[in-house]
Amino acid sequence: MGCICNCFVGLLNCVLLTVGIGFVISGAYLNIKGNSDCEKVLTTPLIVMGGLLLILSLIGIMGTSCSSTLCMYIYLTLMFLLILGVIAFTIFVFMITNQAVGKVIADSEKVIEPKNPMDFSNWLANKVNKENNWKKIKSCLIDARLCTTDEYKLEFNFLVLVDQVPDIEVYNKSLHDLQVACCKPPDVCGFTQKNELVWEVPKSGPSSKDKDCKKWSNDGDKMCFECDSCKVGVVENLKREWKALALINICLLAFLILIYMLGCCSFCC
């Protein structure tokens with residue numbers, strides 16, 4: 001039984017080793033080829049995670065192949081700590097993404113305090129809402145050409161070609177949620193769209209007192225990037241991505257627990 005467990009642990013650690021190498025190579029590639037700080041944001045996490053997986057898997061392989069009690073003890077201890085870390089992070093992600101945040105961003109300088117010490121539902125919104133953080137996020141959105149991509153322009157041009165001066169609801173549905181939030185003024189403002197990037201303010205002024213109406217600009221580097229609606233859109237987008245990350249973490253957790261159980265079996269035998 002111990003021999004079989006050793007073989008499985010060794011095999012699974014080889015998989016971990018491969019994943020670790022992949023993370024390190026991906027991080028190095030982004031660091032070298034990335035054209036901006038936004039593209040390099042994942043460099044450090046990928047290299048650190050890849051390095052940890054490399055070290056952990058190598059210790060596990062040494063422990064199983066050399067039948068080293070010391071290596072296996074160190075390996076199981078580190079694996080246990082890693083499992084606890086993944087569990088804690090996954091719980092945290094679910095806590096900050098399970099409630100709506102649209103009401104949180106009511107003022108660009110307002111920070112909403114949790115109702116109780118265990119309420120983290122506004123944590124993500126508060127992070128995005130901080131001035132320094134938002135400057136970086138806005139820079140990333142501009143660098144990514146969110147509002148000036150060919151796909152964004154084609155949606156408008158196609159509707160014009162088929163003699164459908166874009167109906168607001170139809171046009172909104174054709175855009176990504178983040179584009180609707182950041183690349184056009186809110187519908188309540190009553191602006192008239194002249195082309196894919198230019199909106200005309202009615203002579204009588206905006207039809208709503210919404211603060212975002214005054215923040216809108218036809219400048220491609222400004223648009224609605226200072227609007228509260230854009231911040232809400234970014235938070236909602238982050239929530240979706242973090243939820244996907246939480247699901248990946250659950251799969252990773254199951255894999256790590258399997259390796260840990262086999263490692264314990266091998267160590268006890």
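What span should the 29 residues of helix 3 have at 1.5 Å a residue, and how far apart are its end C-alpha atoms? The expected span is 42 Å, and the end C-alpha atoms of helix 3 are 42 Å apart, so the two values agree. The model in which this helix is found is a predicted one, and what follows describes that model.

## Overall make-up

The chain is built from 10 helices and two strands, and, read from the N terminus, its elements follow the order α-α-α-α-α-α-α-α-β-β-α-α. Of the 269 residues in the chain, 36% are buried. Among the contacts with a separation of 6 or more, 64% are accounted for by residues that lie 24 or more positions apart in the chain.

## Helix 3 and its partners

Helix 3, which covers residues 69-97, packs with helix 10, residues 228-268, at an angle of about 155°, and the axes of these two helices are 9 Å apart. Because the angle is over 145 degrees, helix 3 is roughly antiparallel to helix 10. The crossing of helix 3 and helix 10 is left-handed, and their contact is made up, by class, of 27 nonpolar, five polar and two charged residues.

Helix 2 also meets helix 3: the axes of these two helices come within 8 Å and cross at roughly 145°, and this crossing, too, is left-handed. On the side of helix 2 the residues that take part are Leu-56, Ile-59, Gly-60, Met-62, Gly-63 and Thr-64, while helix 3 contributes Cys-71, Met-72, Ile-74, Tyr-75, Leu-78, Met-79 and Leu-82. Sorted by class, the contact of helix 2 with helix 3 has 10 nonpolar, three polar and no charged residues.

Several residues of helix 3 are buried, among them Cys-71, Met-72, Tyr-75 and Met-79, and these four also appear in the contact with helix 2. Further along helix 3, the buried residues include Ile-83, Val-86, Thr-90, Val-93, Ile-96 and Thr-97.

## Thr-43 in helix 2

Thr-43 belongs to helix 2, which runs over residues 43-65. Its relative accessibility is 8%, and since buried means under 20% relative accessible area, Thr-43 counts as buried. When its neighbours within four places in sequence are left aside, Thr-43 is in contact with Gly-27, Leu-30 and Asn-31.

## Helix 5 and the residue after it

Helix 5, residues 131-143, has 13 residues and reaches 18 Å from its first C-alpha to its last, a value close to the 18 Å expected at 1.5 Å a residue. Helix 5 is followed by Arg-145, whose phi is positive, near 55°. Most residues other than glycine have a negative phi.

## The loop between helix 9 and helix 10

Two residues of this loop can be described in some detail. Met-223 is found in the loop between helix 9 and helix 10, and its phi is near 40°, a positive value in a residue other than glycine. With a relative accessibility of 1%, Met-223 counts as buried.

Asp-219 has its place in the loop between helix 9, residues 211-215, and helix 10. Its relative accessible area is 35%, so Asp-219 is partly exposed, whereas Met-223 is buried. Asp-219 and Val-198 are 21 residues apart in sequence, and in space they are 8.4 Å apart, C-alpha to C-alpha.

How values were computed
Residues are numbered from 1 along each chain as its sequence is written. This is a predicted model: local features need pLDDT of at least 70, side-chain atom pairs count only at pLDDT 80 or more; totals for chains, interfaces and linings use all residues. Side-chain values use heavy atoms; hydrogens and water are left out. Axes are lines fitted to C-alpha atoms, for helices over the stretch in contact, and angles run from 0 to 180 degrees between N-to-C directions. Angles under 35 degrees count as roughly parallel, over 145 as roughly antiparallel, 65 to 115 as roughly perpendicular and the rest as oblique. A crossing is left-handed if the near helix is turned anticlockwise from the far one by less than a right angle, and right-handed if clockwise. Ala, Val, Leu, Ile, Met, Phe, Trp, Tyr, Cys and Pro count as nonpolar, Asp, Glu, Lys and Arg as charged, and the others, Gly among them, as polar. The expected span of a helix is 1.5 Å times one less than its number of residues. Buried means under 20% relative accessible area, exposed over 50%, partly exposed in between (1.4 Å probe, protein chains only). Contact means heavy atoms within 4.5 Å.
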